Amino acid sequence: MAGAVKLIGSYTSLFCTRVEWALKLKGVQYEYVEDDVFNKSPLLLKHNPVHKKVPVLVHDDKPIPESLVILQYIDETWNDNNLLPQDSYERAMAHFWAKFTDEKCLMETFTAAYKEGEEKEKAIESAQESLAFLEKLIQGKKFFSGDDKIGYLDLAMGWIPLCLDIIEEVGGMKLVDAEKFPSLLEWAQNFTEIPLIKERLPPRDALFNYFHKIVGLKRSKKH
């Protein structure tokens, strides 16, 4: 489809990484504009005045915010390599689980990282309960899409191989191990072995520094 494509993002943002994966899977040529999440640019504020967050996809001068919304837009705009299922029920469930992983699994994992004491133990338990649903969902499948190739839900879950172990390290905790989450860890390995995915994995030290700073900021606000 015609029209210039620009992605305003940050290389340490897992939400931006999933959008880049989708663009590359679709073979879309795009201009990448790096933004500082701690010192937001006028360009970002212009294109996403509501949330003031990356990523923002600008297509033909029209901005689209929020990574899951962007993934759906990319899939509906460029027809090659469908990301979402064609079946309406399966498509609805893909949206459900993507929302679940962002709002429950990811947020609870991050909360567990910065909480302390008894609150931390409760947060860890809550995160593990939510992650257990993903373990059950991926059992018996190579990818969350259910096919031999990755899809929308795999991209949405991509934060797990991307930074879960880093968040665990920063937070001084362990949420996922091979005993309780064998299928989820096997999927993560399969996912990161895909060349296109591997090519756009942010440097581990940059991700560690980013999450260390974020967790530190959250903890300082509590005191």
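Which element gives the most to the lining of the largest pocket? Keep that in mind while looking through these close-ups of a predicted model.

**View 1. The largest pocket holds about 1100 Å³ of space.** Its lining is made up of 34 residues. If you want to find the middle, look for F15, K53, V54, M107 and Y210, which lie nearest the centre of this pocket. Four elements each give two or more residues to the lining: α1 (14–26), α3 (67–77), α4 (88–114) and α10 (204–222). And here's the answer to the opening question: α4 gives the most, with eight residues.

**View 2. Here is the lining of the largest pocket again, this time by residue type and by domain.** Sort the lining residues by type and you get 18 nonpolar, ten charged and six polar. Domain 1 (5–77) and domain 2 (88–221) both take part, each supplying at least three residues to the lining of the largest pocket.

**View 3. The second largest pocket holds about 350 Å³ of space.** This one is lined by 20 residues. Nearest its centre you'll find P85, E90, A94, F144 and S145. The elements giving two or more residues to this lining are α4 and α6 (152–156). Once again α4 gives the most, here with five residues. As for residue types, the lining of the second largest pocket splits into twelve nonpolar, four polar and four charged.

**View 4. Helices α4 and α5 (residues 117–138) pack against each other.** We've already met α4 in the lining of both pockets; now look at how α4 sits with α5. Two packed helices are described by the angle between their axes and the distance between the axes. For α4 and α5, the angle is about 150 degrees and the axes are 8 Å apart. Angles over 145 degrees count as roughly antiparallel, so α4 is roughly antiparallel to α5. The crossing of the two helices, α4 and α5, is left-handed.

**View 5. A close look at the backbone in the loop between α2 (42–47) and β3 (56–59), where P55 has its place.** Which peptide bond is cis, with omega near 0 degrees? That's the bond running from V54 to P55. You may remember V54 from View 1, as one of the residues lying nearest the centre of the largest pocket. K52 also has its place in the loop between α2 and β3. Check the backbone at K52 too: its phi is positive, about 60 degrees, although K52 is not a glycine.

Key
Residues are numbered from 1 along each chain as its sequence is written. This is a predicted model: local features need pLDDT of at least 70, side-chain atom pairs count only at pLDDT 80 or more; totals for chains, interfaces and linings use all residues. Side-chain values use heavy atoms; hydrogens and water are left out. On a 1 Å grid over the protein atoms alone, a cavity is a set of points where a 1.4 Å probe fits but cannot get out, and a pocket is an open set with protein on both sides within 12 Å along at least five of seven lines; lining residues have an atom within 4 Å of a point. Grid points are joined across faces, edges and corners, and a volume is the space filled by probe spheres set on the points. Ala, Val, Leu, Ile, Met, Phe, Trp, Tyr, Cys and Pro count as nonpolar, Asp, Glu, Lys and Arg as charged, and the others, Gly among them, as polar. Domain bounds come from an automatic or database domain assignment. Axes are lines fitted to C-alpha atoms, for helices over the stretch in contact, and angles run from 0 to 180 degrees between N-to-C directions. Angles under 35 degrees count as roughly parallel, over 145 as roughly antiparallel, 65 to 115 as roughly perpendicular and the rest as oblique. A crossing is left-handed if the near helix is turned anticlockwise from the far one by less than a right angle, and right-handed if clockwise.
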